[in-house]
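Biologist: I am new to this one. Please show it to me, and then I will ask how you know what you say.

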Amino acid sequence: MQIPIAKPFIGEEEKQAVMQVLTSGQLTTGPKVAEFEKAFAAYQGAKHGVATSNGTTALMAAMMAHGIGLNDEVIIPSFSFFATASCVLSVGARPVFADIDPVTFNMSPEAAEAAITPRTKAIMPVHLYGLPAEMSKFEAICQKHNLILLEDAAQAHGASIGQRRVGTWGTASFSFYPTKNMTTTEGGMVLTNDDEIARKLRMIRAQGMNTQYYHEIVGYNFRMTDMAAAIGLVQLGRLPEWTNARQHNASYFNSHIESVTTPTTPADYTHVYHQYTVRVPDGVDREAVAKRLNEKGIGVRVYYPLPIHQQPVFQQMGYTDVHLPETEKATAQVFSLPVHPALTEEERAYIVQEVNAAC
Ligand SMILES: *Cc1c(COP(=O)(O)O)cnc(C)c1O
């Protein structure tokens, strides 16, 4: 058996949608982008959606729209994908890393609050693996210290706390990269409830213009194409069913896997299982377990093997005295199993059998 960690799906509807756009002659941002923005913002429950070329440019645009820049600090987790931090550097600001909660793997609100300095401008939790961060706590901290609340929601399409979906607390960036819970090929989107931030995001995305060749601010080319948006519209229609399948696979793993610590979802939180991430017990060699499972044809991956603050480029920038014990421990103990909607019953049972035998 060969079970990949992710299996992006493109069906006939996506192909037809792309052909329709190509036939229409609309080769860049047009009506499909506007339609996709409305549909995705409505799905998450946010007022505005501004589509971008990818999740990284969505994060960069969010930083710029809030005027984050030189001499500002942004508090983020180090246990995330690199783009969570590079977007802060892209505007000349300084990433400040806060440790995680070892149970949820998300940034600890207490650790984030302890990292606030007079230079702190924003806090950006990541809804890692598809589990929402503790947004009511982050919201209270931001209100108390007068800080901007952002969300890196690149892994959390449809995730919620109670009835409220992520992307509705702060300016939030999503990614539609092929391995995410839904895709536009490359693509991203920023959601916000703030009219002025939405207006700035639209300008930042398109060279700082509102009126053609009249540049009010410095902007770039972060545009999504209508082809990508047309794919996104079809995929958004499939997302609820795919999310159910991911949750169904995860609950099967939760009740059958015994050898490793399975994910914990706090009461009232809806986890959308972008990744199904487990932790090996203390003293067990994660590398050996992951290698063994890969040899058995199970495409396990480690997200992420090296925390951002320990990446070579951050070490060169002088982050050598940063120590985040829970983050560093997690990077040595976690691995993710295939949980994608295309898993068969047979594959699920095989994964359980091999994981239970692996350590
Ligand atoms: C995927 C991802 C991004 C970047 O998205 P791209 O579309 O690949 O640029 C940012 N943050 C997190 C947490 C991600 O998982």
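**Terms and values**

Modeller: The count between domain 1 and domain 2 is 0 salt bridges, a salt bridge being a side-chain nitrogen of Lys or Arg within 4 Å of a carboxyl oxygen of Asp or Glu. This is a predicted model, in which local features need pLDDT of at least 70 and side-chain atom pairs count only at pLDDT 80 or more, while totals for chains, interfaces and linings use all residues. Residues are numbered from 1 along each chain as its sequence is written, and side-chain values use heavy atoms, with hydrogens and water left out.

Biologist: What makes the pair Glu37 and Arg205 a salt bridge?

Modeller: Their side chains meet at 2.7 Å, N to O, and the limit is 4 Å, so the pair qualifies. Glu37 lies in helix 2 (residues 31–44) and Arg205 in helix 7 (residues 195–205), so the pair ties together parts 168 residues apart in sequence. Helices here are DSSP runs of H or I with at least four residues, and strands are runs of E with at least two, numbered from the N terminus. The structure holds 16 salt bridges.

Biologist: Where are the two domains?

Modeller: Domain 1 covers 12–233 and domain 2 covers 239–358, with bounds from an automatic or database domain assignment. Their centres, taken over C-alpha atoms, are 24 Å apart.

Biologist: How do you know which area is buried between domain 1 and domain 2?

Modeller: Buried area is the accessible area (1.4 Å probe) that two parts lose on being put together, summed over both. For domain 1 and domain 2 that comes to about 3200 Å², of which carbon and sulfur atoms give 65%. In domain 1, Phe97, Tyr129 and Asn181 lose the most area to domain 2, together 22% of what that side buries.

Biologist: How many residue pairs are in polar contact between domain 1 and domain 2?

Modeller: There are 15 such pairs, both residues being at pLDDT 80 or more. A polar contact is a pair of N or O atoms within 3.5 Å; within protein, one must be able to donate a hydrogen and the other to accept it, and residues adjacent in sequence count only if both atoms are side-chain atoms. On the side of domain 1 that touches domain 2, the largest share, 4 residues, comes from strand 3.

Biologist: Why is the chain called as compact as a globular protein of its length?

Modeller: The radius of gyration, taken over C-alpha atoms, is set against the globule rule, 2.2 Å times the number of residues to the power 0.38. The chain has 20 Å, close to the 21 Å that the rule gives for 359 residues, so it is as compact as a globular protein of that length.

Biologist: What makes phi of Tyr129 worth a mention?

Modeller: Phi is near 65 degrees, a positive value in a residue other than glycine. Tyr129 is in the loop between strand 4 (120–123) and helix 6 (135–145).
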